[in-house]
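Q: Please take a close look at a single part of this model, and then follow its surroundings outward with care, explaining each term as it comes up.

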Amino acid sequence: MELQQLKEIQSDRDGFLCYLKPFKPFFQQTVDLILPPRCAFSGKIVSQQGAIQPEEWTKLQFISDPFCRCCGHPFDFKIDADMCCPSCLSDPPEFSKARAPLLYEDQSRSLILRFKHADQLHTLDTFLPWMLKAGASLLEQTDLILPVPLHRWRLIKRRYNQAALIAARISKKANLPWHHDLLLRARATPTQGHKKALDRKKNVKDAFTVPARKKNLLTGKTILLIDDVYTTGATVRECSRTLLNAGAAEVNVLTLARVVKR
Ligand SMILES: [Zn+2]
């Protein structure tokens, strides 16, 4: 299916949802009465969907300028707006830019674990605006949004791909098409957790593929790749390499959080 067709399908669906808009306030009030909105961290009732308690907010560490213009690694002070970190200079990544709103530390880890493993999908309402803001400049250039895929066996075990859920919501908010099965896992890989950088790179080598019949959907396109955490970048780098080899013009990366080693 061509991108234009994907956009038309999305447009039709959004058009249908417009008919329901007059009923939305009443519907939302009813839902809030039965299932009141809760803080994504403490679980206590808050004023609206996505809101968090002030004391939880202050524990979050947001990434702000200055940072590496390539991988988004935060800097302590600004020297040059176009400056790259030593890692990107010595081993340039396959993607063009990576951005994330949060540092990966105790508070953001708890948020991600709730979303990823504890079925607390409502936490998406909390962090989605942060991702949209951190990725605003990337979204302006994006033709197609793709999630980092899970292997089908892990998908069955976990029941949902957290990156695909994020990609679907960003697609809707940014009015851009997304595709859940354009980039696939060619083989199951052991989890990247607790692996060192070099082992992570070996672990995901040739782990991804684009079906031959779908490569035309990528040709010349700027892709925004979505994942929950950027750790060493090994996974998104391998995904980017696969997408570029399949015909994509450029790949950017947006994650909710990124690991920063000080
Ligand atoms: Zn960098």
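A: The part to begin with is helix α6, whose buried residues are covered by elements that include β1 (98–99), α5 (106–117), α9 and β7 (250–258). The model is a predicted one, in which local features need pLDDT of at least 70 and side-chain atom pairs count only at pLDDT 80 or more, while totals for chains, interfaces and linings use all residues. Residues are numbered from 1 along each chain as its sequence is written. The helices (H or I, at least four residues) and strands (E, at least two) are DSSP runs, numbered from the N terminus.

Helix α6 spans residues 124–134, and its buried residues are Thr126, Phe127, Met131 and Ala134; a residue is buried if 20 or more other C-beta atoms, placed from the backbone, lie within 10 Å of its own, exposed if 12 or fewer, and partly exposed in between. These four cover an arc of only 115° around the axis, which puts them on the same side of α6, the arc being that of the directions from the helix axis to the C-beta atoms. Pro129 and Lys133, on the other side of α6, are exposed. An α-helix has 3.6 residues a turn, so residues three or four places apart point the same way.

Among the elements that cover α6 is β7, and eight of the nine residues of β7 are themselves buried. Strand β7 runs parallel to β6 (residues 222–230), and eight bridges join the two, where two strands count as paired if DSSP finds at least two bridges between them. Along this pairing, isoleucine 223 stands opposite valine 251, and valine 229 stands opposite alanine 257. Strand β1, which also helps to cover α6, pairs with β7 in the parallel sense over two bridges, and there arginine 99 has leucine 254 as its bridge partner. Strand β2 (residues 102–103) is likewise parallel to β7 and joined to it by two bridges, with leucine 102 standing opposite alanine 257.

Beyond β7, the path leads through β6, which is largely enclosed by the rest of the structure, because eight of its nine residues are buried. Four bridges join β6 to β3, and the two run parallel; in one of these pairings, isoleucine 223 of β6 is the bridge partner of leucine 144. From strand β3 (residues 144–147), Leu144 and Leu146 point one way and Ile145 and Pro147 the other, and all are buried. In a regular strand the side chains alternate between the two faces of the sheet.

Ile145 of β3 leads back to α9, another of the elements that cover α6. Serine 171 lies in α9 (residues 162–174), and it is buried because 22 other C-beta atoms lie within 10 Å. Its C-alpha atom is separated by 6.8 Å from that of isoleucine 145, a residue 26 places away along the chain. Two residues are in contact if their C-beta atoms, placed from the backbone, lie within 7 Å, and, leaving aside neighbours within four places in sequence, serine 171 is in contact with Ile145, Leu176, Pro177 and Trp178. On the same footing, leucine 146 is in contact with Ala167, Trp178, His179, Leu182, Leu183, Ile223 and Leu225.

Leu146 also belongs to the largest nonpolar core, which has 46 residues, and it is among those with the most contacts inside it, together with Ala167, Leu225, Ile226 and Leu243. A nonpolar core is a set of buried Ala, Val, Leu, Ile, Met, Phe, Trp, Tyr and Cys residues joined through C-beta atoms within 7 Å. Helix α6 is one of the elements that each supply at least two residues of this core, along with α5, β3, α9, β6, α11 (234–245) and β7. Strand β6 gives the most, with six residues. In soluble globular proteins, nonpolar side chains tend to be buried together.

As for the wider setting, the protein chain comes to eleven helices and seven strands, and 31% of its 262 residues are buried. Of its contacts with a separation of 6 or more, 70% are between residues 24 or more positions apart.
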